[in-house]
Amino acid sequence: MRTFFLTSTALVMSAGIAAAEVSIGGDGRMGVKSLDGADVVFDSRIRISFTASGETDNGLSFGGSVRADQDGTGGAAGNVYLSGAFGKVTFGDTGSAAKQAVGQAGGVGYTGLGDLNEIGYISDVHPSVRWDYTMGDLSLHASTDSIGQADGADSLLSGAMSYSIGDVGIGAGVERMGDRQNIAASVSAALGDASVKVVYGSDDDNADDSYGASASFVSGSATFTAFASSKGGMDHFGIGAAFDLGGGAAIKGGFVDGDSLTGGSSFDLGLTMGF
């Protein structure tokens, strides 16, 4: 996402603060879609994001971000961070350590078409804290959600690592909430204009393991993507393409089919915008 500076100002609130900076960006989309064989409908969305950052006199970096959606209900949560020689600590709306290290296989379509390319992670509905530390090609991650939650739920604890060897990357992590445990791992590789990624997950709450595998190929201004996935014993596949128009705009479309789409396949076609 490209951003532009809204304001840049010096803060003299204390001797420890040097300067701070705020930027604004966003993304939008417009087009048509059909989900699970339903009628084709129009679809549009715009989101504006605000990012703030600064640095203390002794070299600590700090900042945060928040997103506003057009309907005023989604994306309201944000996060703040502090980073230095100890790594980076993020509070708020942030994913678990395992999700940060492992990620997801690539998806298709300008709307995501139900995100059927994704494996499952344990749901994290409380504000979280995540620590990330990178030394060379190795990154370590640890996270927990709120301690002493009012609803009495168990805290979600997670630890993970990621490592890159040239154009090959691996990630592995574990999530634990009470007696429930989820293990996830991924391998990705870039081969010239092509890239591939395989993601695997094993959750105690699900009888079937989940996986996602994707491949993308770039040719000029076009990118072609395909994926296959399995989650909860249901298999899916998808194909898609994106054409870069320059200036942050692109035409994207996708087609997805699989076991959970009992009414028919899903597809979309539209214009995406990055500001």
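How many residues lie between β5 and β6 in the hairpin that they form? In this predicted model, the answer is two residues, with β5 and β6 on either side of them. This hairpin is a handy place to begin a tour of the structure.

Strand β5 covers residues 78–84 and strand β6 covers residues 87–92. The two strands run antiparallel to each other and are paired over six bridges. Within this pairing, N79 faces G92 of β6. The hairpin region also offers a contact between a charge and a ring: K88 is placed over the face of Y81, 4.4 Å from the centre of the ring.

On to the next partner of β6. Strand β7, made of residues 128–135, is joined to β6 by five bridges, and here too the strands are antiparallel. One position to look for in this pairing is T90, which stands opposite R130 in β7.

Aromatic contacts come next. Searching the whole structure turns up three aromatic pairs. One of them is formed by W131 and Y133, whose rings are stacked, with 5.9 Å from centre to centre and 15° between the planes. The pair counts as stacked because the angle between its planes, 15°, falls under 30 degrees. W131 has a relative accessible area of 31% and is therefore partly exposed. Y133, at 25% relative accessibility, is likewise classed as partly exposed.

Another aromatic pair brings together F224 and F243 in an edge-to-face arrangement, with the ring centres 6.2 Å apart and the planes at 90°. This pair connects distant parts of the chain, 19 residues apart: F224 belongs to strand β14 (residues 222–231), whereas F243 belongs to strand β15 (residues 234–246). F224 counts as partly exposed, its relative accessibility being 39%. For F243, the relative accessible area is 37%, so this residue is partly exposed.

Both phenylalanines of this pair reappear at the surface. F224 and F243 join F217, L245, I251 and L269 in making a nonpolar surface patch of about 560 Å². Residues need over 30% relative accessible area to be part of such a patch, a condition that F224 meets at 39% and F243 at 37%. I251, another member of the patch, is found in strand β16, which spans residues 249–258. I251 has a relative accessible area of 35% and is thus partly exposed.

How values were computed:
Residues numbered from 1 in each chain as written. Predicted model: local features only at pLDDT ≥ 70, side-chain atom pairs only at ≥ 80, totals over all residues. Heavy atoms only, no water. Phe/Tyr/Trp six-rings, centres within 6.5 Å; stacked < 30°, edge-to-face > 60°. Buried < 20%, exposed > 50% of the residue type's maximum accessible area, 1.4 Å probe, protein only. Helix = DSSP H or I, 4+ residues; strand = E, 2+ residues; numbered from the N terminus. Lys NZ or Arg CZ within 6 Å of the ring centre and 35° of its normal. Pairing = 2+ DSSP bridges. Patch = residues over 30% accessible without salt bridge, like charges linked within 9 Å, V, L, I, M, F, W, Y side chains within 5 Å. Areas by Shrake-Rupley, 256 points an atom, 1.4 Å probe, with all protein chains shown as cover. Salt bridge = Lys/Arg side-chain N within 4 Å of Asp/Glu carboxyl O.
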